[in-house]
Structures are given as C-alpha cells and as structure tokens.
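Student: I should be grateful for a close look at one part of this model, namely the surroundings of its bound ligands. Please relate these surroundings to the elements of secondary structure that supply them.

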Amino acid sequence: MTVQKVGVVGCGLMGHGIAQVAAQAGCQVTVLEADAGALEKGLGRISKSLGKLVQKEKISQADADKTFGNITGTGEVKDLADCDLVVEAIVENLDVKNTLFKDLGALCKAETIFASNTSSFPVSEMGAASGRPERMVGLHFFNPVQLMKLVEVVRTPTTSDEVFAEAKAFGEACGKVPVAASDTPGFVVNRLLVPYLAEAIRMVERGDSTPADVDAGMTLGCGYPMGPFTLLDYVGLDTTMFILEGWVEKYPNESLFEVPALLRQKVQEGKLGRKTGEGFFKWEGDKRA
Ligand code: CAA
Ligand code: NAD
C-alpha cells in the first residue's frame, strides 16, 4: 500500500471509526470536521475505543498512544492538500458531498485518491464534481467501523485500475475484507438492508407489530445480531431517511424506496436514534436504556 497520509472528512459515527482504523493501520490521519464540538466528541470516542482494546489486551497502551498520536483534528480543508487518500464521511446529501469534492479537486495534489463512504449516492457523480473521475472510488465501511469486518470498494466506470487496487489495499490494511461493488444504489448491502429496514417501519405503521416484537422476531428467529429497529437507531434515523429520499428522487416508481411517514415524524421530532438518546428506543450512551 502506498497510502501513508489519510484525510478523513467528518468525525461523526462513521468518520471517527474510519480515522481510528486508518491510524491503527499505521497511517498519519488528519480529520476535517465542520463542527468543533463534533470533532471533540469523535476524538473522545476514538480514545475510549482504543481504551477498550487495551483493556481487552488486543493492543498495548503504547500502541494505543501511538495510534491516537497519529490522528490530528482540523477545521481547515487546506490541511488535506498533501494527503494520499481522502475518505469523505459527511452528511448523506449529494449536493454537500459534491461541493466538498469540488473543493478537494481544486486543492489536493494530483496523486490524491478520493473516496466516499456514501451509503447510497452515485460515487461517479462525486468523481465528476472533483474534476478527477479516474481517481474517485467508493469505500463503504460499516457501523461500527471498529468491529464490522466488511468494506465495499465501489468502482465507477471511470475509476482507474490503480486507484481501485490502492483503495482495496487500504481497506485490507484497516483490517477489513474488501468486496468489489458496482456503482448502483446501495451497492450490495444497503440495496438489501435499507428496504428491509423501511419495511419493518411500515409493518409497525400498519399496527401489525411493535418495534420490540419485530426485533425479537429477527434476532431470535433469524439469528441477526440486532433487530431492524435497534439497527435503525444505531445507523441514525436521519441518515436512513436521507438514503431513501435520495433514491425516491432518482427512482420515483420504486415502492421499496418509499419513505415511511413514521420515519419522517421521528426525524422531525429530533429522535434520530442512539446519537440523540432516542429513536424507536431510548439510549443511555451507546447502550439501549
Ligand atoms: N471499539 C472497540 N470495541 C468496541 C466498540 C468500539 N467502538 N464497540 C463495542 N466494542 C466492544 C465491546 O466493548 C464489547 O466487548 P466485550 O465483548 O469485551 O464486552 C464487544 O465489542 C461487543 O460489543 P457489545 O457487547 O456492545 O455488543 P454486541 O456483542 O451486541 O456486538 C455489534 C455489537 C458488533 C455492533 C453487533 O450487535 C452487530 O453486529 N450488530 C449489527 C451491526 C450492523 O448490522 N451494522 C451495519 C449497519 S448498516 C451500515 O453500516 C451501512 C450503512 O450505510 C447504513
Ligand atoms: P454523522 O451525522 O454521525 O456525522 C457526519 C459528520 O460530518 C458530522 O459531525 C458533521 O458535522 C460533519 N460534516 C458535515 N458536513 C461537513 C463538511 N462539509 N465538512 C466537514 N464535516 C462535515 O453521520 P454518519 O452516520 O457518520 O454518516 C456519514 C456518512 O457515512 C454518510 O454518507 C452516511 O450515509 C455514511 N454511512 C453511515 C453509516 C451509519 O450507520 N450511520 C454506515 C455506513 C455509511
């Protein structure tokens, strides 16, 4: 792997985890975050996560200190100019992502690889916005990044062979199993997972079941580690709504992508899931209350 300097944009649920696994892979990581409070919170989560790994004797305290020391936070996009790879993990809004990639395209050195952690949007559109479509790839990590073993490496029709191979090698260095995916809505996993989550909400909307019973059904009946409502809270109800809204705009006739009214209502009420302390369930920190 030639990637040594990594920029991560966004230090929320996903960005903090991506920054951590990249630093654990030995990279120098600069995390760009628009919100100073979110940056502080994200760095705090990294520190806590490394602490857990030390406690479990998976890494030494010296390794944890070295990893944490490899991560620098910033509020200035110019600090990403000399990165070998920039991984974007900001809000699921294509216009906002395109603006970022346009700025990065104007700023970064010619060799920089651009990657998006988008859950659902066309990676090729961000490549076009950057002005360097051959250097754009999707790197779709899963939540929680520290624990989930998969990364989807999304190849657009213009991604160069070299960029795809480097992105795959970076995913492996981060301890993940890379799976190649095409630039289609939701790639492999979310094309299956997100309609399933939406259908679970519709079932409750119809009054056919409750979140607790649906979750019991899918954990005890199918062996899933979390039921769909716990997982919705875990992912973030805002993010799930943004994914569906983006798809509805592009594919208005696909009923599987419809946004359930109950999902909109929860987001309007600020009940975004684990990150706000309440979604379909109540949360105390990272655990269900
Ligand atoms: N860093 C380090 N260690 C961590 C950690 C972190 N961030 N988070 C948890 N751990 C540790 C815990 O301390 C715990 O350790 P012990 O066993 O020593 O206590 C261990 O990992 C397991 O954690 P928990 O006990 O909290 O919970 P668990 O056993 O239920 O496992 C889970 C947690 C791995 C998240 C599991 O519930 C799971 O696999 N859930 C499904 C997650 C999933 O489907 N993710 C995909 C979401 S969709 C997506 O990401 C794509 C998208 O675009 C929306
Ligand atoms: P989040 O809301 O937890 O974090 C996003 C962060 O990005 C926020 O802290 C915000 O302040 C910051 N941000 C927004 N615009 C910015 C900008 N222009 N520059 C710098 N920082 C900016 O969101 P998340 O759950 O981490 O999701 C991030 C991305 O990862 C989204 O594209 C999402 O679809 C994708 N994703 C999410 C999950 C999940 O389970 N939540 C899983 C895989 C992929």
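Tutor: The account below treats the two ligand shells in turn, then the loop and the helices connected with them.

The model is a predicted one. The shell of ligand 2 comprises 23 residues, and those that come nearest are M14, E33, E92, K97 and S119. Two of these five also make polar contacts through their side chains. A polar side-chain atom of E92 is placed 2.5 Å from an oxygen atom of ligand 2. The side chain of S119 has an N or O atom 2.6 Å from an oxygen atom of ligand 2. A further contact involves N143, with a polar side-chain atom 3.0 Å from an oxygen atom of ligand 2. On its own, ligand 2 has 830 Å² of accessible area, of which the protein covers 84%.

As to composition, the shell around ligand 2 contains 10 nonpolar, 8 polar and 5 charged residues. With regard to secondary structure, helix α1 (13–24) and strand β6 (136–141) each contribute at least two residues to the shell of ligand 2.

Ligand 1 may be described in the same order. There are 19 residues around ligand 1, and S49, K56, S119, H140 and N143 come nearest. S119 is thus named among the nearest residues for ligand 1 and also among those for ligand 2. For K56, an N or O atom of the side chain is 2.7 Å from an oxygen atom of ligand 1. N143 takes part through its backbone, with an N or O atom 2.7 Å from a nitrogen atom of ligand 1. N143 therefore deserves attention at both sites under the 3.5 Å cut-off for a polar contact: its side chain reaches an oxygen atom of ligand 2, while its backbone reaches a nitrogen atom of ligand 1. Q146 adds a side-chain contact, a polar atom lying 3.4 Å from a nitrogen atom of ligand 1. The protein covers 67% of the 1,100 Å² of accessible area that ligand 1 has on its own.

The shell around ligand 1 divides into 10 nonpolar, 6 polar and 3 charged residues. Helices α2, α7 and α9 (228–235) each supply at least two residues of this shell. The largest share, 3 residues, comes from α9.

The backbone at N143 has a notable feature of its own. N143 is joined to P144 by a cis peptide bond, with omega about 0 degrees. P144 belongs to the loop between β6 and β7 (150–155). Most peptide bonds are trans, and most residues other than glycine have a negative phi. A positive phi occurs at E57, where the value is near 60 degrees. E57 is located in the loop between α2 and α3.

The helices that supply shell residues can now be placed against their partners. Two packed helices are described by the angle between their axes and the distance between the axes. For α1 and α2, the angle is about 50 degrees and the axes are 9 Å apart. That angle makes α1 oblique to α2, and their crossing is right-handed. On the other side of the loop that holds E57, helix α2 (residues 36–55) meets helix α3 (residues 61–69), with axes that come within 9 Å and cross at roughly 160 degrees. α2 and α3 are therefore roughly antiparallel to each other, and α2 passes α3 in a right-handed crossing. Helix α7 (residues 189–205) is paired with helix α8 (residues 211–222); their axes come within 10 Å and cross at roughly 135 degrees. This pair is therefore oblique, and the crossing of α7 and α8 is right-handed.

Technical notes
Residues numbered from 1 in each chain as written. Chains lettered and ligands numbered in written order. Predicted model: local features only at pLDDT ≥ 70, side-chain atom pairs only at ≥ 80, totals over all residues. Heavy atoms only, no water. Near = heavy atom within 4 Å. Polar contact = N/O pair within 3.5 Å; in protein donor to acceptor, adjacent residues only side chain to side chain. Areas by Shrake-Rupley, 256 points an atom, 1.4 Å probe, with all protein chains shown as cover. Helix = DSSP H or I, 4+ residues; strand = E, 2+ residues; numbered from the N terminus. Nonpolar A, V, L, I, M, F, W, Y, C, P; charged D, E, K, R; others polar. Axes fitted to C-alpha atoms, helices over the stretch in contact; angles between N-to-C directions. Parallel < 35°, antiparallel > 145°, perpendicular 65-115°, else oblique. Left-handed = near helix turned anticlockwise from the far one by under 90°.
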